[in-house]
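Student: I would like a close look at a single part of this protein. Please take the sheet and whatever packs around it, and go step by step.

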Amino acid sequence: MEDVAGYLVNAHVVLRGKRKAIDTVVQSFVETDPRLLGKEGELTGFFGIYAGGARSANIVEAHLRAHLTSSPRYQSSSALSQELRASLQQALMKTQADIYSDWEQTKNYQGVHTTAVLLRNGNVIAANAGGGGAVICRADGYVGMLTEKCLRLDQAELVSVQQYCLDCEDESIIIGCPSFWEALECSQAVRIARDALRKYKDVKYTVQKLAMAAQNAGAPGNIAVAVVLLNAACAFGEQDHPDKHSLLFSSKLSQISSLSNSDILSEAGSD
């Protein structure tokens, strides 16, 4: 996908809200993985938004990606999408165990909403535990949530992990914290982002517009939002609109596969 202009160009904004007890951390990593696509490697991206108590949010920031990248399945150059999903799932549960260990030591029982998005091998692997979420925008006008709301990471018995296969009509991904999605509907956020990207062709300005829109709409807490470009030509409106036959790709989101408990148990022996 790195031959697509603007792939994984990203920006994020955090605006402080009224709830001082809530802390928000945004994580963003884009790197070239030399294990993929021969000597030149392949761009991979990891993006996360963690909102909750400061200690728990910082634990997720420190441990989640580390657990993920240390997984033998993740390190394999031939890792399939199901293996990447299992690796992210297990990384989340290991991070949950880190939070519980901190609770035992400090007696400071802080929760955390956790949204994580991995882009690798032409796939989006997305997970959410809490009220945050991620949405993908396409040139054919189709919009769909990559994640679903559920219990916070410190509460969940199992975190839903979903996979989406990218194609050239995918424009961008919006990742937001719970307060952001409380203030804006999915369709509103996508409209604001698409309008800003087409008018200003600037990801940083786009996230600022999104954050201010959520603030003006009455977001109750800290506002954290990130935008990740997948195809700048599409996102900036510089690529021809897809023909009607390309609408078949929109069916992919309705067929996003979600990692079940049995999937995890059957693969748990690999790490």
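Tutor: What follows is a walk through one sheet, its helices and its surroundings.

Keep in mind that this is a predicted model. Start with the sheet itself. It is open and has 5 strands. Their order is 1-10-9-6-7, and the pairing is antiparallel. Two strands form the edges: strand 1 (10-15) and strand 7 (143-145). Each of these edge strands pairs on one side only. From one strand to the next, the twist averages 15°.

Now look at one pairing inside the sheet. Strand 6 (residues 133-138) runs antiparallel to strand 9, and 6 bridges join the two. Find C137, then look across to strand 9: the residue opposite is S172.

Next, the helices. Helix 5 lies across strand 6, strand 7, strand 9 and strand 10. Its direction is at about 125° to strand 9. Helix 6 also packs on the sheet. Helix 6 touches strand 1, strand 9 and strand 10. Compare its direction with that of strand 10, and the angle is about 150°.

How do the two helices meet? Two packed helices are described by the angle between their axes and the distance between the axes. For helix 5 and helix 6 (residues 203-216), the axes come within 9 Å. They cross at roughly 145°. The crossing is right-handed. Helix 5 brings A189, I192, A193, A196, L197 and Y200 to the contact. Helix 6 answers with V203, Y205, T206, K209, L210 and A213.

One of those residues, L210, leads us to the core. The largest nonpolar core has 50 residues. L210 is among those with the most contacts inside it, along with L119, I173, I174, I175 and F180. Strand 10 (residues 223-229) gives the most to this core, with 7 residues. In soluble globular proteins, nonpolar side chains tend to be buried together. There is also a second, separate core, with 26 residues. Among its members are L88, L92, A156 and V161.

Charged residues matter for the picture too. Stay with helix 5 and the sheet. R194 forms a salt bridge with E171, and their closest N and O atoms are 3.0 Å apart. R194 sits in helix 5 (residues 186-200), while E171 sits in strand 9 (residues 170-176). The pair links distant parts of the chain, 23 residues apart. R194 and E171 are both buried. Salt bridges that share partners also join R138, D140, D167 and D170 into one network. Within it, R138 and D140 have their closest N and O atoms 2.8 Å apart. R138 and D140 are buried as well.

Step away from the sheet for one further pair. R120 forms a salt bridge with D33, the closest N and O atoms being 3.5 Å apart. R120 belongs to strand 4 (residues 112-120) and D33 to strand 2 (residues 23-33), so this pair ties together parts that are 87 residues apart in sequence. R120 has 0% relative accessibility, so it counts as buried. D33 is buried too, with a relative accessible area of 4%. A search of the whole structure finds 11 salt bridges.

Now compare another strand pair. Strand 5 (residues 123-129) and strand 8 run antiparallel, joined by 6 bridges. In strand 8 (residues 160-165), 5 of the 6 residues are buried, so the strand is largely enclosed by the rest of the structure. Pick out A126, which lies in strand 5. Opposite A126, in strand 8, stands Q162. A126 and Q162 are 36 residues apart in sequence. In space they are 5.3 Å apart, C-alpha to C-alpha. A126 is buried, because its relative accessibility is 2% and the cut-off is under 20%. Not counting residues up to four places away in sequence, A126 touches A116, V117, L146, T147, S160, V161 and Q162.

Finish with two backbone details. L8 has a positive phi of about 70°, although it is not a glycine. L8 is in the segment before strand 1, and it counts as buried at 3% relative accessibility. K107 has a positive phi of about 60°, and it is not a glycine either. K107 is in the loop between helix 3 (81-106) and strand 4. K107 is exposed, with a relative accessible area of 55%.

How values were computed
Residues numbered from 1 in each chain as written. Predicted model: local features only at pLDDT ≥ 70, side-chain atom pairs only at ≥ 80, totals over all residues. Heavy atoms only, no water. Salt bridge = Lys/Arg side-chain N within 4 Å of Asp/Glu carboxyl O. Helix = DSSP H or I, 4+ residues; strand = E, 2+ residues; numbered from the N terminus. Buried < 20%, exposed > 50% of the residue type's maximum accessible area, 1.4 Å probe, protein only. Core = buried A, V, L, I, M, F, W, Y, C linked by side-chain atoms within 4.5 Å. Pairing = 2+ DSSP bridges. Axes fitted to C-alpha atoms, helices over the stretch in contact; angles between N-to-C directions. Left-handed = near helix turned anticlockwise from the far one by under 90°. Contact = heavy atoms within 4.5 Å.
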